[in-house]
Amino acid sequence: MASYSVLHGSVALITLQNPPVNALSAAVRAGITDAVQRTLKDPQVTSVVICGQNGRFCGGADIREFGGSMSGPPLVPMINAIEAMDKPVVAAIEGVALGGGLELALGCHYRIAHRQALVGLPEVTLGLLPAAGGSQRLPRLIGLPAALDLITTGKHILASEALKLGIVDQVTDGNALNMAVEFARRIVGKPLDPRRISTLPCPSPPDVDFLLDRVLAQVRKRARGALAPVACVGALRAAVFLPFAQGMEKERELMGALFDSGQARALQYAFFSQRLVSQLENHCCYWARYGLVPRHIAPEEILERCLYALTNEGFNILQDGMAAGPEDIDAIYVFGYGWPRHRGGPMFHAGQVGLARVLEKLEHYQHKHPDVPYLKPSPLLRRLVAAGSPAVQKWREFLNKDRVHSQL
Ligand SMILES: CC(C)(COP(=O)(O)OP(=O)(O)OC[C@H]1O[C@@H](n2cnc3c(N)ncnc32)[C@H](O)[C@@H]1OP(=O)(O)O)[C@@H](O)C(=O)NCCC(=O)NCCSC(=O)/C=C/CCCCCCCCCCCCC(=O)O
């Protein structure tokens, strides 16, 4: 939800309330929409400040809502309505203004931030693009090159850097909310048209096509099949060449394609699993408090059972002739599945760990869990170990000999 109050008799204060990061859930969007209506109707109110509860402006759209059917007031018309207001609206940014949070702030006429606050449009890291107007407003505010950098990487920057780029208007080491309220009182009556970012032209260099093509090529190379970074460049191209309303349509169209893609779902799943893992320890405390004794599973066991079962399947695939050599399997993992390049790939890694050790571990886990077929050591792994664990580069040779023998 969002609370509404009036300070000094004339400054409406809209406070986002959704701990811990004030994500823009349906209830928060409904609260903001209601509060905007109240400010419009209240003749005493001459300016508005939007802030977040507990020193955090907003961590963006509520990622949990993406998994289900979305309800409540949509974000885009809400932000457009804020920008269209005829009373100045100031965003008081403390803590974070990320994703939809920054997009909300870009719909405000001014942005005042704490120097240490973090701002950014990290949607790309979730397989999305800033589709609440961010891809259209940010380049209009700070120019195409800087917007391309921020939106295609999704990086968070400090408000002090955002000030240099022109994303925020002022920073403070003190209380950003107090400063925003004082600021809001002072600017009443100043023209608002130049502060409505959607009405600004998009500043871009003369060689704009060249720049967009170069960035697209870089992004394609870096993204290795990821859809979102490429879509981000498409949305920014629209910001340069199309009027705002049409750019917004393009933004929505591109977002629609990303939204239901398996990639966006996978990245959002990864966002939450990363956080869940860090809570594991607390769950153990919870069990202990209620007298439950969790079976102790060492992290090595989880790692080894996942990793060595995967490698074992690689040996089976090689043995069945479905891949010509270990390099084929490693290349698929490194280039297709983000396996850390510095670890070479699962087959190379098995060689580094030592084939005898991999075999020993598989035998150990198979003994403990005889019902798990993936843990049964591949005959090829056994033969390689028996042959003295040749280096991975020699396996192709070994396999060829093996295959010839089996055909004789
Ligand atoms: C930096 C953080 C904010 C804070 O970090 P930290 O202090 O370390 O805390 P964490 O442990 O990370 O988080 C604390 C808990 O909060 C949860 N959390 C955090 N952020 C969110 C969030 N945004 N939503 C939900 N929950 C969140 C987190 O999981 C923790 O909870 P728990 O412990 O797991 O229970 C850090 O949290 C962070 O980086 N957060 C993410 C910031 C981010 O990525 N924000 C961007 C979100 S995406 C976004 O904003 C998108 C905006 C555009 C939406 C436009 C919608 C339009 C829809 C159009 C649909 C198109 C279809 C059209 C089809 C057609 O046309 O037909």
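In what order do the three strands of the open sheet with mixed pairing stand? The order is 5-7-8, in a predicted model whose chain holds 18 helices and nine strands. The radius of gyration of this chain is 27 Å, well over the 22 Å that the globule rule gives for 408 residues, so the chain is more spread out than a compact globule. The C-alpha trace spans about 90 × 65 × 40 Å along its principal axes, and buried residues account for 38% of the 408 residues. Of the contacts between residues at least 6 apart in sequence, 72% join residues that are at least 24 apart.

**The open sheet and helix 3**

- Strand 5 (96–98) and strand 8 (157–158) stand at the edges of the open sheet, and each has a single partner strand, so one side of each is left without a neighbour in the sheet.
- Strand 5 runs parallel to strand 7 (residues 118–120), to which three bridges join it, and Leu-98 has Gly-120 in strand 7 as its bridge partner.
- Helix 3 (residues 100–107) lies across both strand 5 and strand 7, and its direction makes an angle of about 95° with strand 5.

**Strand 2 and its partners**

- In strand 2 (residues 11–16), six of the six residues are buried, so this strand is largely enclosed by the rest of the structure.
- The burial extends to both faces of strand 2, with Val-11, Leu-13 and Thr-15 on one side and Ala-12, Ile-14 and Leu-16 on the other.
- Strand 1 (residues 2–7) pairs with strand 2 in the antiparallel sense over six bridges, and within this pairing Val-6 stands opposite Ala-12.
- These two strands, strand 1 and strand 2, form a hairpin with three residues between them, and His-8 in the turn has a positive phi of about 50°.
- Strand 2 also pairs with strand 3 (residues 47–52), here in the parallel sense and over six bridges, with Ser-47 in strand 3 as the bridge partner of Val-11.

**Nonpolar cores**

- In soluble globular proteins, nonpolar side chains tend to be buried together.
- The largest nonpolar core has 82 residues, of which Val-49, Val-90, Ala-92, Ile-93 and Leu-129 touch the most other members.
- Helix 9 (residues 227–241) gives the most to this core, contributing eight residues.
- When neighbours within four places in sequence are left aside, the residues in contact with Leu-129 include Ala-228, Ala-231, Cys-232 and Ala-235, as well as Leu-254, Met-255 and Leu-258.
- The contacts of Leu-129 also include Glu-123, Ser-135 and Glu-251.
- Another core, of 20 residues, lies apart from the largest one, and among its members are Met-347, Leu-359, Leu-375 and Val-392.

**Helix 17**

- The buried residues of helix 17 (residues 379–386) are Leu-380, Leu-381 and Leu-384.
- Because these residues cover an arc of only 100° around the axis, they lie on the same side of helix 17.
- An α-helix has 3.6 residues a turn, so residues three or four places apart point the same way.
- The face of helix 17 that is turned away from the buried side carries Pro-379 and Ala-386, which are exposed.
- Gly-388, just after helix 17, takes a positive phi of about 90°.

Conventions: Residues numbered from 1 in each chain as written. Predicted model: local features only at pLDDT ≥ 70, side-chain atom pairs only at ≥ 80, totals over all residues. Core = buried A, V, L, I, M, F, W, Y, C linked by C-beta atoms within 7 Å. Buried ≥ 20, exposed ≤ 12 C-beta atoms within 10 Å, placed from the backbone. Helix = DSSP H or I, 4+ residues; strand = E, 2+ residues; numbered from the N terminus. Contact = placed C-beta atoms within 7 Å. Arc of directions from axis to C-beta. Rg over C-alpha atoms; globule rule 2.2 N^0.38 Å. Pairing = 2+ DSSP bridges. Axes fitted to C-alpha atoms, helices over the stretch in contact; angles between N-to-C directions.
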